[in-house]
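Q: Please pick one part of this model and look at it closely. Which residues does it hide, and what covers them?

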Amino acid sequence: MNFQTESPTKARIIQFIRDQISSGALGVGMRLPTDLQLAREFSISRPMVREAITELKEDGIPIVRP
């Protein structure tokens, strides 16, 4: 992943989710917040959230959606 070519906000969401996984706040089988919840929290559009989730999946992070 190359954060320099991404929007700073998308990179923040990706890092947030990675940090949640690393800290154990998101464990195996746990669900992420909804697109709407993440969009509101980061003040961005839902499509941007979906792009971040797609990138995480492409990087091999198993994502369970609500």
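A: Buried means under 20% relative accessible area, exposed means over 50%, and partly exposed lies in between (1.4 Å probe, protein chains only). Areas come from the Shrake-Rupley method with that 1.4 Å probe, and for residues only the protein chains shown count as cover. The model is predicted, so local features need pLDDT of at least 70, side-chain atom pairs need 80 or more, and totals for chains, interfaces and linings use all residues. Numbering runs from 1 along each chain as its sequence is written, and side-chain values use heavy atoms, without hydrogens or water.

First, the setting. The protein chain has three helices and zero strands (DSSP runs: H or I, at least four residues; E, at least two; numbered from the N terminus). Along the sequence the pattern reads α-α-α. Of its 66 residues, 30% count as buried. The accessible surface of the chain is about 4,200 Å², and carbon and sulfur atoms hold 51% of that. Take contacts (heavy atoms within 4.5 Å) between residues at least 6 apart in sequence: 61% of them join residues at least 24 apart.

Now the part itself, helix α1. It covers residues 8-23, 16 in number. At 1.5 Å a residue (times one less than the residue count), the expected span is 22 Å, and the end C-alpha atoms are 22 Å apart, which agrees. The buried residues of α1 are K10, A11, I13, I14 and I17. Down the axis of α1, these buried residues fall within an arc of 160 degrees (directions from axis to C-beta atoms), so they line one face of the helix. On the other side of α1, P8, S22 and S23 are exposed. Just after α1 comes G24, with a positive phi of about 90 degrees.

What covers the buried residues of α1? The cover includes α2 (35-42) and α3 (46-58). These two helices also pack on one another. The angle between α2 and α3 is about 110 degrees, and their axes (lines fitted to C-alpha atoms over the stretch in contact; angles 0 to 180 degrees between N-to-C directions) lie 8 Å apart. That makes α2 roughly perpendicular to α3 (65 to 115 degrees). On the α2 side D35, L36, L38 and A39 take part, and they meet R46, V49 and R50 of α3.

One more residue of α3 deserves a look. I53 is found in this helix. I53 is buried, with a relative accessible area of 4%. I53 and V64 sit eleven residues apart in sequence and 10.0 Å apart in space, C-alpha to C-alpha.

Notes
Angles under 35 degrees count as roughly parallel, over 145 as roughly antiparallel, 65 to 115 as roughly perpendicular and the rest as oblique.
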